[in-house]
Each structure stands twice: as C-alpha cells, then as structure tokens.
Amino acid sequence: MDNLSTTNSPKGHVLRLHKVVKRYGSFQVLNEVSLDIDEGEVVAVIGPSGSGKSTLVRCIHQLETIEGGSIYLNGELLGYRQDGAHLRALGPRELARQRQQLGMVFQQFGLFPHMTVEENVMEGPVQVLGDSTADARTRARHLLGRVGLAEKVTAYPQMLSGGQQQRVAIARALAMRPKVMLFDEPTSALDPELVGEVLSVVSDLAKAGKTMVIVTHEIAFAREVATRVVFMEGGRILEQGDARETLSNPRTDRLRSFLSRVM
Ligand code: ADP
Ligand code: MG
C-alpha cells in the first residue's frame with residue numbers, strides 16, 4: 001500500500017478525502033478525489049451513471065478498500081493505522097468501530113424481514129453499541145416518530161410501502177448516532193409518488209444540522225437542500241460549489257450539458 005498517503009487533517013473538517021484512488025483491476029474508478037466536508041454541510045453528489053458516485057460513498061463507508069490517498073473522519077484516518085513509516089490495514093474490530101460512525105442508506109432498503117420496524121431500529125444499538133433494550137426501544141420510537149412512522153413501530157417491513165421502508169432504514173442508520181450520514185440514491189427504487197416523503201425526511205435532517213453526503217438524481221432537491229453540490233464524471237470531481245449557484249450557473253460545459261439532460 002505504498003500509494004496510500006496521509007495528510008494533516010485540521011479540526012473542523014468532519015470528513016476529509018485526500019487524493020483518493022480506487023481501482024477495479026486496471027480500471028481506475030476514482031482518480032485522486034479530494035473533498036473536505038465541514039460539520040453541518042449537506043453535500044449532494046451528482047453525475048452521470050458510471051462516474052464513480054456509489055464507489056465514492058462506498059469508499060467513505062469502508063465497504064471498499066482504496067489504492068491511494070486517504071480518508072479521515074474527525075481527524076482520524078479510516079481503514080488504516082500509522083505504523084512507523086508504514087500504513088497497516090485495520091483489523092475487523094477497529095474497522096467496525098470506525099464504520100459505525102458513518103450511517104449509510106442504500107437504494108435498496110435492506111431491512112430485516114423477520115423483525116418489526118422498531119426491532120430493526122433497535123438491533124444495531126443493542127448488538128453493537130451495547131445499549132439496553134429499554135433505552136434502544138425508547139430511542140427507536142423517538143426516531144420512528146421523527147420519520148413519521150410512530151404508528152408503524154410493531155409492523156413488519158413487508159406491510160409497509162417502499163417509502164415507509166426507506167424511512168425505517170433512515171431511522172435505523174440514525175439509531176447508531178453516526179457523525180455523518182451517507183445516502184446512495186435513496187429514492188431511485190421508489191415509485192414516483194413515494195419519493196417526496198423520503199426526501200422530506202432527508203430535508204428535515206439537513207435543517208437539524210446533520211452532516212450528510214447524498215448521491216442523488218434529484219436536482220431540484222439538491223438545489224433546495226444541499227449546501228454544496230459536487231459534480232463527478234469519469235472518477236473525478238469536475239466541478240463543485242454552492243448548490244444553488246453551481247446548479248443555476250454551471251461553470252463547465254460538462255455540467256451544463258449534464259443538467260440539460262437530466263432536468
Ligand atoms: P455511479 O454510482 O456513478 O453510477 P459506480 O461508482 O457504481 O458509478 O461505478 C463507477 C464505475 O466503476 C463503473 O464503470 C462501474 O462499472 C465500475 N464498477 C463499480 N463497481 C465495480 C466492481 N465491483 N468491479 C468492477 N467494476 C466496478
Ligand atoms: Mg451508483
């Protein structure tokens with residue numbers, strides 16, 4: 001892992017990506033991606049299919065190992081520890097401790113079908129954080145109330161609509177008290193009429209100051225809710241900036257043409 005590099009991570013950046021490189025075989029999916037995210041920022045990641053958006057959030061969540069660069073969460077190097085002049089990959093326990101600080105919501109909700117809604121939300125806090133069942137239940141109910149599902153706590157996932165299931169998945173991620181929430185196209189598996197209820201929950205989290213990285217096709221949502229937009233193409237960040245400004249007045253032809261195709 002000679003290409004992995006460390007850098008100073010000044011306090012203030014919750015998440016810092018420094019020249020992150022990801023390859024599948026000889027194919028370079030992420031090409032020295034650097035990105036600094038501050039507390040409370042809501043970063044929308046947009047770009048054509050295959051541009052590396054999912055890979056980016058999967059690398060942040062340590063679902064993928066990186067071949068170059070480094071990722072820091074609150075100043076702590078993710079996935080590796082410094083050992084003299086070398087970087088050594090973390091073992092499973094250390095990796096799990098780091099990963100639980102990142103909440104991830106996927107396109108597919110991935111709820112446990114044999115558990116009720118509230119059991120789904122309680123599972124991580126009880127099994128991983130060691131919370132008592134009573135505390136976990138209280139918190140699960142609070143979170144389910146927050147995503148508008150107070151009435152569904154004892155229902156099973158298959159009794160719910162896709163939009164409701166995705167809101168459970170968001171509550172389940174929040175139950176782990178993550179420092180950053182990562183979303184990978186959370187509404188693209190939903191029927192159009194269910195998209196709004198999920199985006200509205202994400203929007204509430206943004207207003208509450210949650211630090212988030214959201215891969216999304218929903219440009220109007222990004223303009224409204226994100227503080228920053230990042231446009232990816234070919235494994236690179238081609239343009240980024242204030243969400244409203246960047247989406248209204250793109251500086252690159254690439255982004256202008258992408259927006260004209262998707263809006
Ligand atoms: P996006 O989410 O922007 O559509 P992805 O991050 O899913 O893009 O994929 C970026 C590129 O990496 C694509 O060309 C895709 O085919 C390739 N890719 C993604 N995952 C793998 C994998 N596990 N093995 C090989 N290639 C992959
Ligand atoms: Mg994707």
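These legends walk you through three close-up views of a predicted model. Residues are numbered from 1 along each chain as its sequence is written, while chains are lettered from A and ligands numbered from 1 in the order in which they are written. In this predicted model, local features need pLDDT of at least 70 and side-chain atom pairs count only at pLDDT 80 or more, whereas totals for chains, interfaces and linings use all residues.

**View 1. The residues around ligand 1.** Here you meet Y24, V29, G47, S49, G50, S51, G52, K53, S54 and T55, each with its C-beta atom, placed from the backbone, within 6 Å of the ligand. Helix α1 (residues 53-60) gives the most to this shell, with three residues; helices are DSSP runs of H or I, at least four residues, and strands are runs of E, at least two, numbered from the N terminus. By class, the shell has two nonpolar, seven polar and one charged residues, with Gly counted as polar.

**View 2. Helices α5 and α6.** The axes of α5 (residues 162-174) and α6 (residues 192-207), lines fitted to C-alpha atoms over the stretch in contact, come within 8 Å and cross at roughly 15 degrees. That makes α5 roughly parallel to α6, a term for angles under 35 degrees. From α5, G162, G163, Q166, R167 and I170 meet L194, E197, V198 and V201 of α6, contact being C-beta atoms, placed from the backbone, within 7 Å.

**View 3. The annotated span.** An unreviewed UniProt entry lists residues 15-259 as "domain: ABC transporter", and such annotations may be inferred rather than shown by experiment. The end C-alpha atoms of residues 15-259 lie 27 Å apart, and the span is 37% helix and 28% strand.

Conventions
Axes are lines fitted to C-alpha atoms, for helices over the stretch in contact, and angles run from 0 to 180 degrees between N-to-C directions. Angles under 35 degrees count as roughly parallel, over 145 as roughly antiparallel, 65 to 115 as roughly perpendicular and the rest as oblique. Two residues are in contact if their C-beta atoms, placed from the backbone, lie within 7 Å.
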